[in-house]
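Colleague: I am new to this structure and would be grateful for a close look at a single part of it. Please take the place where two domains meet.

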Amino acid sequence: MGTLDKFRDRELAQKIVKKIHEEAKGLDEVRFMHVCGTHEDTVTRTGIRSLLPENVKILSGPGCPVCITPVEDIVKMMEIMRQAYEEGDRIIMTTFGDMYKIPTPRGSFADLKSEGYDIRVVYSIYDTYRIAKENPDRTVVHFSPGFETTTAPAAGMLNVVAQEELENFKIYSVHRLTPPAVEVLIKQGTRFHGLIDPGHVSVIIGVKGWEPITEKYGVPQVIAGFEPVDMLLAVLYLVRMVKAGEAKIINEYTRSVKYEGNVVAQKLIDKFFEVKDARWRALGVMPKSGLELRKEWKELEIRTYYDPEVPKLPDLEKGCLCGAILRGLALPPQCPHFGKTCTPRHPIGPCMVSYEGTCSIFYKYGALF
């Protein structure tokens, strides 16, 4: 049996489901939130919601970094491309495949590419570094979204770029932090009884990165991996904690997550980035939830060279429920656009674009259950 086989074992999963039903008997409705697109993919693809007791609910929170990237930042990067072109600077811009198609009132990066601008989809920021090395006479900019999991390799790449003094490599940082967003949701009144923490974010920040949420707000948490048994164990552990009136953090994903996290990655992130208040699309400004390059590294930030004015633009089309879905207040079928006027081929909201977006996942698998 391979390493992951036991976490996909049907018989084991059925035993855990039976335990969840036994433990949940007599409880009022309990709501557990995750903040991870990959967790939502596992939950929806494997039909976990349909296996749970009626009184145990799983909510989907802000787990898609592309979905929450502000409209103004996407539009500003597009204006930077135009301004640079007018000044004779033929920028090569890179970003990830799902960010490439995110809609805004001023179009998407895909639309900008159709106008002739040099925009390339990359698998990782390393590809951007390679393109910059191959094109020393052109500025190469990575539009860089992502939570802690993606920020760590970005910081590592910046370290290499700084050491090599690679002057044509720049980024546009729209990195965000996960725990501060959860705190804001709690303060704004999103009601949930336990939190399922994303395993990959936890690899970077460790168990200790989540401790303030339990200490300040008494929320039980389970750090979970991404297989069906991981998710079912997370639900079982949370049900047991709620039943016992306990609030602690259980690390179910011990095969990858340490208490202190990845200390080397944390130091690199701290070397290049500082924490700032930041806007999240459809969620507003969240205190201490964004990462900007430190002053001493501003030469690596494209906005140091081009900073066009961008008007305030609406986050969402009228009627789009992405905001409520990202807050865990609604599920995609409750949106009037879902599956009708909003589909992966013709997305209206960002949650339908990214493979980590809740609407995209529901559209892909939801009809099965």
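How many salt bridges does the rule find across the interface of domain 1 and domain 2?

Modeller: The rule finds zero salt bridges across the interface of domain 1 and domain 2. Please keep in mind that this is a predicted model. The two partners should be located before the interface itself is described. The domain assignment places residues 5–56 and 178–250 in domain 1, residues 71–176 and 261–304 in domain 2, and residues 328–365 in domain 3. Between the C-alpha centres of domain 1 and domain 2 there is a separation of 32 Å.

At the interface, 13 residues of domain 1 are in contact with 15 residues of domain 2. About 1100 Å² is buried between these two domains, and carbon and sulfur atoms account for 66% of that area. Polar contact is present as well, with five residue pairs counted between domain 1 and domain 2. On the side of domain 1 that touches domain 2, two or more residues are given by each of the elements α9 (178–188) and α10 (199–205). Helix α10 supplies the largest share of that side, namely six residues. By character, the residues on this side of domain 1 comprise eight nonpolar, four polar and one charged.

Salt bridges do occur in the structure as a whole, where a search finds 21. One of them joins the side chains of Lys-76 and Asp-307, at 2.7 Å from N to O. Lys-76 belongs to helix α4 (residues 71–86), whereas Asp-307 sits in the loop between β11 (284–293) and α14 (322–326); the pair thus links distant parts of the chain, 231 residues apart.

For the wider setting, the protein has 15 helices and eleven strands. Its C-alpha atoms fill a box of roughly 70 × 45 × 40 Å along the principal axes. The radius of gyration is 21 Å, which agrees with the value near 21 Å for a compact globule of 369 residues.

Definitions and conventions:
Residues numbered from 1 in each chain as written. Predicted model: local features only at pLDDT ≥ 70, side-chain atom pairs only at ≥ 80, totals over all residues. Heavy atoms only, no water. Domains from an automatic or database assignment. Contact = heavy atoms within 4.5 Å. Buried area = accessible area lost by both parts, 1.4 Å probe. Salt bridge = Lys/Arg side-chain N within 4 Å of Asp/Glu carboxyl O. Polar contact = N/O pair within 3.5 Å; in protein donor to acceptor, adjacent residues only side chain to side chain. Helix = DSSP H or I, 4+ residues; strand = E, 2+ residues; numbered from the N terminus. Nonpolar A, V, L, I, M, F, W, Y, C, P; charged D, E, K, R; others polar. Rg over C-alpha atoms; globule rule 2.2 N^0.38 Å.
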